[in-house]
Amino acid sequence: MQLSLTPEQIAGARNNNLGDITAVLAAMDHRVQWHANHYASTGGRLDRDLAEDLAQDGRMALWRAIERFEGDEVSQFFAFADRTISGALADKRREMTRQGASRQASKDFETALGMCGGDPYEAERFCIDPPTGFRRLSPESAWAARMAWQGLRYLDAPAGVDGTTLGDVVADTTDVPADLVEQADVERHRRHVIRDAVHTTLNKMGPMQGHVLRADFGIAPVPLYGPEVPDEDLAADMGVTERQVRQGRYLGRKRFAELYLAGATEAA
């Protein structure tokens, strides 16, 4: 299709020549549709209605590319137009699916998602307390970005700097082919990641604090004591005083939060 255009046609389109505009639109329509289908697909499934809407946005973006192009070569125009269409549809998809989160917060969250192996909870913590060189989000903004992203369940979202997607990450964890990954597989992956993170954090804590927290929530190998069981029973089983149990719970929860939050930057 690129060979059907000439520099003169591109220049004519920039000068609002109707015939040249028609030729440029026709030559680029396959790329518009490709990008529309790409951004309208989730987990390998195409939303055709969404693809039609995005294609219209893609054609508007192509018009803007014609107006803004300042080069002379056909190959330069196609590269510029392709980037313009892709960027416009990525922003449109983000706008449609990232409700409740600002555009910048959504972009920052997706960057963090790539740094954290596709885990949205680690990405949220990463955004709140990022290493040097990364933009910091408020807890409210990070939470909104995560909730908006999870509402999409976007299996084609980037999950690694090497181009892997969340679907690929889930597939590696669950032994399910990437093109067959479904919502239940994402949930299993999320539970697996969180469980590992919780156990890793508890194992970093002192024995007193770790044991009390495990007892409060029934985390193996400690049985569940729960709020209905008096601290006296837990203290007796541990061979400590009730005061030590309460102190271990208070300090343990603070320490757990610190270690769990730090785990995001360590993983990155």
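**Exercise 1. A patch of charge**

Determine which residues gather in a patch of negative charge on the surface, and describe the setting of Asp53.

*Solution.*
Step 1. The residues that gather in a patch of negative charge on the surface are Asp47, Asp49, Glu52 and Asp53. The model in which this patch appears is a predicted one.
Step 2. Asp53 lies in helix H3, which covers residues 48–68.
Step 3. The relative accessible area of Asp53 is 47%. Partly exposed residues fall between the limits of 20% and 50%, so Asp53 is partly exposed.

**Exercise 2. The overall fold**

State how many helices and strands the protein has, and give their pattern along the sequence.

*Solution.*
Step 1. The secondary structure consists of 12 helices and 2 strands.
Step 2. Along the sequence, these elements follow the pattern α-α-β-β-α-α-α-α-α-α-α-α-α-α.
Step 3. The protein has 268 residues, of which 43% are buried.

**Exercise 3. Two cysteines**

Explain why Cys116 forms no bond with the closest cysteine sulfur, in Cys127.

*Solution.*
Step 1. A disulfide is a covalent bond between the sulfur atoms of two cysteines.
Step 2. To be counted here, the two sulfur atoms must lie within 2.5 Å of each other.
Step 3. The cysteine sulfur closest to that of Cys116 belongs to Cys127 and is 7.7 Å away, which is too far for a bond. Cys127 is likewise in no disulfide, its nearest cysteine sulfur being that of Cys116.
Step 4. The count of disulfides is therefore 0.
Step 5. As to their surroundings, Cys116 is buried at 11% relative accessibility, and Cys127 is buried with a relative accessible area of 2%.

**Exercise 4. Salt bridges**

State how many salt bridges the model contains. Then examine the pairs Asp82 and Arg31, Asp129 and Arg136, and Glu242 and Arg246.

*Solution.*
Step 1. The nitrogen and oxygen atoms of a salt bridge must lie within 4 Å. By this rule, the count is 7 salt bridges.
Step 2. In the salt bridge between Asp82 and Arg31, the distance from N to O is 2.8 Å. This pair links distant parts of the chain, with Asp82 in helix H4 (residues 74–97) and Arg31 in helix H2 (residues 18–39), 51 residues apart. Asp82 is buried at 19% relative accessible area, whereas Arg31 is partly exposed at 22%.
Step 3. Asp129 and Arg136 meet through their side chains in a salt bridge of 3.5 Å, N to O. Asp129 is partly exposed, with a relative accessible area of 33%, whereas Arg136 is exposed at 54%.
Step 4. The closest N and O atoms of Glu242 and Arg246 are 3.8 Å apart, and the two residues form a salt bridge. Both belong to helix H12 (residues 242–267), and because they are 4 residues apart in this helix, about one helical turn separates them. Glu242 is partly exposed at 35% relative accessible area, and Arg246 is partly exposed at 44%.

**Exercise 5. An enclosed helix**

Explain why helix H6 is described as largely enclosed by the rest of the structure.

*Solution.*
Step 1. Helix H6 covers residues 120–128.
Step 2. The buried residues in H6 are Pro120, Tyr121, Glu122, Ala123, Glu124, Arg125, Phe126 and Cys127.
Step 3. These make 8 of the 9 residues of H6, so the helix is largely enclosed by the rest of the structure.

**Exercise 6. Positive phi angles**

Identify what is notable about the phi of Asn16, and state where this residue lies.

*Solution.*
Step 1. Most residues other than glycine have a negative phi.
Step 2. Asn16 is not a glycine, yet its phi is positive, at about 70°.
Step 3. Asn16 is placed in the loop between helix H1 (7–14) and H2, and it is exposed, with a relative accessible area of 61%.
Step 4. A positive phi, of about 65°, is also found at Gly218, just after H10.

**Exercise 7. A contact across the sequence**

Find how far apart Arg253 and Leu213 are in sequence and in space, and place each in its helix.

*Solution.*
Step 1. Arg253 and Leu213 are separated by 40 residues in sequence, while their C-alpha atoms are 7.4 Å apart in space.
Step 2. Arg253 is in helix H12 and is partly exposed, at 44% relative accessibility.
Step 3. Leu213 is among the buried residues of helix H10 (residues 207–217), which also include Gly210, Val212, Arg214, Ala215 and Asp216.

Technical notes:
Residues are numbered from 1 along each chain as its sequence is written. This is a predicted model: local features need pLDDT of at least 70, side-chain atom pairs count only at pLDDT 80 or more; totals for chains, interfaces and linings use all residues. Side-chain values use heavy atoms; hydrogens and water are left out. Buried means under 20% relative accessible area, exposed over 50%, partly exposed in between (1.4 Å probe, protein chains only). Patches are made of residues with over 30% relative accessible area and no salt bridge: like charges are joined within 9 Å, nonpolar side chains (Val, Leu, Ile, Met, Phe, Trp, Tyr) within 5 Å. Accessible areas come from the Shrake-Rupley method with a 1.4 Å probe; for residues, only the protein chains shown count as cover. Lys and Arg count as positive and Asp and Glu as negative; His and the chain ends are not counted. The place of a charge is taken as NZ of Lys, CZ of Arg, CG of Asp or CD of Glu.
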